[in-house]
Amino acid sequence: MDSSDRSTSLLAVIVVALLTAATIGLSAFVISSTPTGAVAAATGTPAATLAVLEPSPTPSADLASASPSSSAEPTPSASPRPKATPKPVVAMNLYRKGDFVSELTPKQCVSAAMQIMLNITGKSNDRSSSTQTALAKLAKSLSNAPYGGTEPLGWARGLQKRGAGHYEVVVEPTMMAAVKRGIEAMRATGRPVGLLVWRGAHSWVLHGFETTADPAGPAAWKVSYLYVSDPWYPRLSRIWGRSRGPNARITPQQLTVDYLKWKRPTGRYPGMDGKYVLVIPVKG
């Protein structure tokens with residue numbers, strides 16, 4: 001092979017190496033840009049669609065083999081330890097931009113949460129103050145509360161009256177049992193869940209999750225992240241601190257700060273005292 005052939009061959013090798021490196025960089029960018037959060041909002045996935053966000057393996061390339069060989073003997077090196085393959089993430093988020101509303105008064109958290117849930121389940125958004133006020137009156141009238149005010153039962157019945165489908169009030173002995181039950185209901189119906197936080201004094205909407213496996217499948221699964229909206233936003237509570245913004249992505253550990261066992265100073269609530277209370281969608 002003459003000098004011109006060797007130069008051409010060397011140039012081709014360099015070009016291949018550069019293209020390989022560029023491919024690796026591009027692949028890494030695509031992997032890091034894969035949405036792991038608000039699937040429905042960010043990617044346009046239909047609200048009830050479950051997205052499986054499986055990490056792609058990073059392409060490997062032996063750049064040293066693409067370089068011209070030298071006369072020196074290669075130094076043997078220890079084989080690198082294989083890296084664990086990341087597990088796929090199963091995600092669903094029903095939230096869409098514009099679904100959120102803030103409560104008009106400190107006493108209208110239930111009706112504001114209902115309004116958010118109706119926006120999520122409906123074809124269009126209604127963020128009007130008149131609708132929130134009407135929902136507050138509806139929920140209160142359906143509560144049959146012995147101490148006045150609006151109760152979880154009025155929340156569930158009000159959603160059904162407004163066409164969001166059948167909802168029920170359920171309780172669980174632990175926070176994770178309540179969260180998992182809410183996720184399973186969301187997965188089965190494609191509709192959001194209501195959480196009674198702050199020992200039952202406040203209302204949040206749970207509308208999304210990320211889990212290690214499909215909650216509707218046979219495999220065991222764990223909760224990685226939750227997507228919630230707090231109608232108290234953008235207020236600051238003297239007891240509970242600053243409220244989370246709409247469509248907030250939080251861990252189960254972060255939820256433990258706000259989602260506590262039901263305990264109301266107004267009196268006893270048989271069946272709910274000391275339990276985690278939530279309003280879940282039910283099929284049928």
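## Helix 3 and strand 5 in a predicted model

Helix 3 crosses helix 4 in the right-handed sense. At this crossing the contact is formed by Val-110, Ser-111, Ala-112, Met-114, Gln-115 and Leu-118 from helix 3, together with Thr-131, Gln-132, Leu-135, Ala-136 and Ala-139 from helix 4. The axes of the two helices lie 8 Å apart and make an angle of about 115 degrees, and since angles of 65 to 115 degrees count as roughly perpendicular, helix 3 and helix 4 are therefore described as roughly perpendicular to each other. The structure is a predicted model, and what is said here should be read in that light.

Helix 3 itself comprises the 13 residues 109–121, and the distance from its first C-alpha to its last is 18 Å, close to the expected 18 Å at 1.5 Å a residue. Because 12 of these 13 residues are buried, helix 3 is largely enclosed by the rest of the structure. The buried set includes Cys-109, Val-110, Ala-113, Ile-116, Met-117, Asn-119 and Ile-120. Among the elements that cover the buried residues are helix 4 (129–141) and helix 5 (152–161), as well as strand 3 (167–172), strand 4 (193–197), strand 5 (202–211) and strand 6 (223–229).

Gln-115 illustrates this environment. Gln-115 belongs to helix 3 and, with a relative accessibility of 1%, counts as buried, the cut-off for that class being under 20%. Leaving aside residues up to four places away in sequence, Gln-115 touches Val-101, Asp-126, Arg-127, Ser-128, Thr-131, Gln-132 and Leu-135.

Strand 5, one of the elements covering helix 3, is itself mostly covered, with 10 of its 10 residues buried. Its pairings are set out below.

| Pair | Sense | Bridges |
|---|---|---|
| Strand 2 (residues 89–93) and strand 5 | antiparallel | four bridges |
| Strand 4 and strand 5 | antiparallel | five bridges |
| Strand 5 and strand 6 | antiparallel | six bridges |

Individual positions help to place these pairings along strand 5. Glu-210 of strand 5 stands opposite Ala-91, and Glu-210 also has Tyr-225 in strand 6 as a bridge partner. Leu-206 of strand 5, in turn, stands opposite Val-193. Strand 4 and strand 5 form a hairpin with four residues between the strands, in which Trp-198 adopts a positive phi near 55 degrees.

Definitions and conventions: Residues are numbered from 1 along each chain as its sequence is written. This is a predicted model: local features need pLDDT of at least 70, side-chain atom pairs count only at pLDDT 80 or more; totals for chains, interfaces and linings use all residues. Side-chain values use heavy atoms; hydrogens and water are left out. The expected span of a helix is 1.5 Å times one less than its number of residues. Buried means under 20% relative accessible area, exposed over 50%, partly exposed in between (1.4 Å probe, protein chains only). Contact means heavy atoms within 4.5 Å. Two strands pair if DSSP finds at least two bridges between them. Axes are lines fitted to C-alpha atoms, for helices over the stretch in contact, and angles run from 0 to 180 degrees between N-to-C directions. Angles under 35 degrees count as roughly parallel, over 145 as roughly antiparallel, 65 to 115 as roughly perpendicular and the rest as oblique. A crossing is left-handed if the near helix is turned anticlockwise from the far one by less than a right angle, and right-handed if clockwise.
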